[in-house]
Amino acid sequence: MNICKSYYETLYSRPVVALSGYCAKYDLADSLYAYLAFGGTTGSAKDALAEGMLALATEKGLLQPGQTVIECSSGSFGLALAVACAHSGHPLMLCMPATVPADRQQLLAKFGAQIVLSNYVYGRAGTVQRAEEAVRQTGGYFLNYFDNDLNAEFHRRITGPNIAKATGGALDAVVVGVGSGGTISGVGEYIKAWYPDVKIIAVEPYESQAIGGGYVGRHSIPGLGAGFVPENYNPHIVDAVMAVPSKTANVTAREVLETDAVPASPSAGAVLAAAHQLMAEHPEQQRVVCVFAGQVFYE
């Protein structure tokens, strides 16, 4: 019998698929691939990450059974974590600015999260401070996925090995978007350890280039470009940083849906656009895996 022990097990074994249609459209070498990291409630890689970080924290004795989990998030990670906490029996407290729309707060509360608001004037620093206060008050565990090596550890154990196994290491580059920094650090550290010649390419929005040291502003690529360099980000394993405009990311995401039936999110579109540019500008970089961390749902 080949029966998964839980739904999360299916999220830990994601496929690498060839983007043959996209390659044909643009006359690229037929060796451009996508690791489909997305799935679950949010349709993103964060569903597996949330459950995986809880499991790793438990394994390392950082999180006790029934202990409250505390996080700063009102986005997809917050929702993924709410589901993972409900599944594993941990109360969840989500800290966020008071400016988060009421309907979003209600959705997260519907999934079991206790909402704790902070003054928006103090930005993320104020939210983190509120989370740290909650830890002292409740004895909870602050997951803090922007600044917690368990994020990268998940990708060292899961994403990196999956890519290496699927490709046999026959790669020139792996292209990864930077949000919390955990994916590129974990994947990059694993791949570099086994295949040091493989290039690791970081992708961020053109309009918000915190990683590349440029201007930081608003963009429309959810999941990328937090506006600061995450503590999880390891620059030592990154060979190049590429910036992709929001419009290009959105157009490319729609293109790969049409050419290869992959329902890519804008963040995945940004990664694909960067990989396309890499292959066009560097003839020696033709065997490329893109990490697609999100999908779009169509009705």
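What volume does the second largest pocket have? It comes to about 160 Å³. Before you go looking, know that this is a predicted model, where local features need pLDDT of at least 70, side-chain atom pairs count only at pLDDT 80 or more, and totals for chains, interfaces and linings use all residues. Residues are numbered from 1 along each chain as its sequence is written, and side-chain values use heavy atoms, with hydrogens and water left out.

**Stop 1: the pocket**

Select Arg124, Ala125, Val128, Asn144, Phe146, Asp147, Phe228, Val229, Pro230 and Glu231, and you have the lining of the second largest pocket. A pocket here is an open set of points on a 1 Å grid over the protein atoms alone, with protein on both sides within 12 Å along at least five of seven lines; lining residues have an atom within 4 Å of a point. Volume is the space filled by probe spheres set on the points, which are joined across faces, edges and corners. Color the lining by class and you get six nonpolar, one polar and three charged residues. In this scheme Ala, Val, Leu, Ile, Met, Phe, Trp, Tyr, Cys and Pro are nonpolar, Asp, Glu, Lys and Arg are charged, and the others, Gly among them, are polar.

**Stop 2: the cavity**

Now for a closed space: a cavity is a set of grid points where a 1.4 Å probe fits but cannot get out. The count is one cavity of 30 Å³ or more, and the largest cavity has a volume of about 80 Å³. To show its walls, select Leu11, Arg14, Tyr35, Ala37, Ala45, Ala48, Phe154, His155, Ile158, Thr159, Thr183 and Val291. Eight of these lining residues are nonpolar, three polar and one charged.

**Stop 3: salt bridges**

Next, show the charged side chains. The structure holds 10 salt bridges (a side-chain nitrogen of Lys or Arg within 4 Å of a carboxyl oxygen of Asp or Glu).

Pick Lys25 and Glu255, whose closest N and O atoms are 3.1 Å apart. Lys25 sits in helix α2 (residues 20-26) and Glu255 in helix α10 (residues 246-260), so this pair ties together parts 230 residues apart in sequence. Helices are DSSP runs (H or I, at least four residues), numbered from the N terminus. Lys25 is partly exposed at 46% relative accessibility, while Glu255 is buried at 12%. The cut-offs: buried is under 20% relative accessible area, exposed is over 50%, and partly exposed is in between (1.4 Å probe, protein chains only).

Stay on helix α10 and select Arg254 and Glu258, four residues apart and separated by about one helical turn. Their salt bridge has its closest N and O atoms 3.5 Å apart. Arg254 is partly exposed at 44%, and Glu258 is exposed at 55%.

Salt bridges that share partners also join Glu59, Asp149, Glu153, Arg156, Arg157 and Glu189 into one network. Within it, zoom in on Glu59 and Arg157, which meet at 2.8 Å, N to O. Glu59 belongs to helix α3 (residues 46-59) and Arg157 to helix α7 (residues 149-157), so the pair links parts 98 residues apart in sequence.

**Stop 4: the cysteines**

How many disulfides does a search of the whole structure find? Zero, with a disulfide taken as a pair of cysteine sulfur atoms within 2.5 Å. Select Cys85 to see why: its sulfur is 13 Å from the closest cysteine sulfur, in Cys95, too far for a bond. Cys85 is buried, at 2% relative accessible area. Finish at Cys4, which is partly exposed at 40%.

Technical notes: Helices (H or I, at least four residues) and strands (E, at least two) are DSSP runs, numbered from the N terminus.
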